[in-house]
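Me: I have a model open and would like to learn how to read its features one at a time. Can we start with a charged side chain and work from there?

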Amino acid sequence: MKITIEGASPAFEEKLLRLLDEHRHELAITADTDWSEDRAEWFLRSVTLAARTFVRRVVDGGGWADAGDLRDEFGSLRGPTVALARGLQRGVRQGRWPQGTEAPVAVVYDPDNPSWQRAVGYQMPTEHLLVFQAAFTRLDEATG
């Protein structure tokens, strides 16, 4: 049996968690760590404009953005990447997704120069790409 519950009240959540705890030895419980359009849209709305634009560059690049091009646009990449990490953590704290949800964008380092860790690019896994494209479409329609 697979059950997905969204939008539950805190009281319902508390009762359900107590029930699950009572039967924990009978159940195999897994957390849904997949990105959905709703999760992606909330994530994009929760981060800074620079971080949102950063993700858009990766999405518009078909799941890849060259770090040099991003540096040309943003200067330091620390601001957008820190904002993305904090947005992911914020979603966990607010119960939007469980701990262990994969960051939508990952840094790629030069494999030929492992001693000097400078990003050569940023990528988004293919399975997240369509979800984030749809989330950006929703954002664009909402703003204008």
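Me: Is Arg57 buried, exposed or partly exposed?

Reply: This is a predicted model, so read every value as computed from it. Relative accessible area is sorted into classes, with buried under 20% and exposed over 50%. Arg57 comes to 31% and therefore counts as partly exposed.

Me: Which side chain does Arg57 meet in a salt bridge?

Reply: The partner is Glu73, at 2.9 Å from N to O. Arg57 belongs to helix 3 and Glu73 to helix 4, so the pair ties together parts 16 residues apart in sequence. Glu73 is partly exposed too, with a relative accessible area of 39%.

Me: How many salt bridges are there, and which residues are joined into one network?

Reply: The count is six. Shared partners join Glu37, Asp38, Glu41, Arg45 and Arg138 into one network.

Me: What does Arg138 do in that network, and where are its partners?

Reply: Arg138 forms a salt bridge with Glu37, with the closest N and O atoms 3.1 Å apart. Arg138 is in helix 6 and Glu37 in helix 2, so this pair ties together parts that are 101 residues apart in sequence. Arg138 also meets Asp38 in a salt bridge, at 2.5 Å from N to O. That second pair again links helix 6 to helix 2, across 100 residues. Each of the three side chains is partly exposed: Arg138 has a relative accessible area of 27%, Glu37 has 35% and Asp38 has 46%.

Me: Which side chain of opposite charge is nearest to Arg39, and how far away is it?

Reply: A salt bridge needs a side-chain nitrogen of Lys or Arg within 4 Å of a carboxyl oxygen of Asp or Glu. Arg39, in helix 2, is buried but has no salt bridge; Asp32 is the nearest side chain of opposite charge, at 4.1 Å. Look at the backbone as well: the side chain of Arg39 reaches the backbone oxygen of Asp32 at 2.9 Å. Beyond four places in sequence, the residues that Arg39 touches include Thr33, Asp34, Arg96, Trp97 and Pro98.

Me: What should I look for at the two ends of helix 4?

Reply: At the start, check for a side chain that reaches a backbone nitrogen: here a side-chain oxygen of Asp66 comes to within 2.9 Å of that of Gly68. After the helix, check the backbone angles. Gly75 follows helix 4 and has a positive phi, near 75 degrees.

Me: Which residues have the most contacts inside the largest nonpolar core?

Reply: That core has 29 residues, and those with the most contacts inside it are Trp35, Phe43, Leu44, Val55, Tyr122, Met124 and Phe132. Elements giving two or more residues to it include helix 2, helix 3, strand 3 and helix 6. Helix 6 supplies the largest share, six residues. For one of the central names, take Phe43: its contacts beyond four places in sequence are Trp35, Leu84, Gly87, Leu88, Trp97, Pro104 and Phe132.

Me: What do Val59 and His128 touch?

Reply: Take burial, then contacts, leaving out residues up to four places away. Val59, in helix 3, counts as buried at 4% relative accessibility, and touches Met124, Leu129, Phe132, Gln133 and Phe136. His128, in helix 6, counts as buried at 7%, and is in contact with Trp35, Glu102, Ala103 and Pro104.

Conventions: Residues numbered from 1 in each chain as written. Predicted model: local features only at pLDDT ≥ 70, side-chain atom pairs only at ≥ 80, totals over all residues. Heavy atoms only, no water. Core = buried A, V, L, I, M, F, W, Y, C linked by side-chain atoms within 4.5 Å. Buried < 20%, exposed > 50% of the residue type's maximum accessible area, 1.4 Å probe, protein only. Contact = heavy atoms within 4.5 Å. Lys, Arg positive; Asp, Glu negative; His and termini not counted. Polar contact = N/O pair within 3.5 Å; in protein donor to acceptor, adjacent residues only side chain to side chain.
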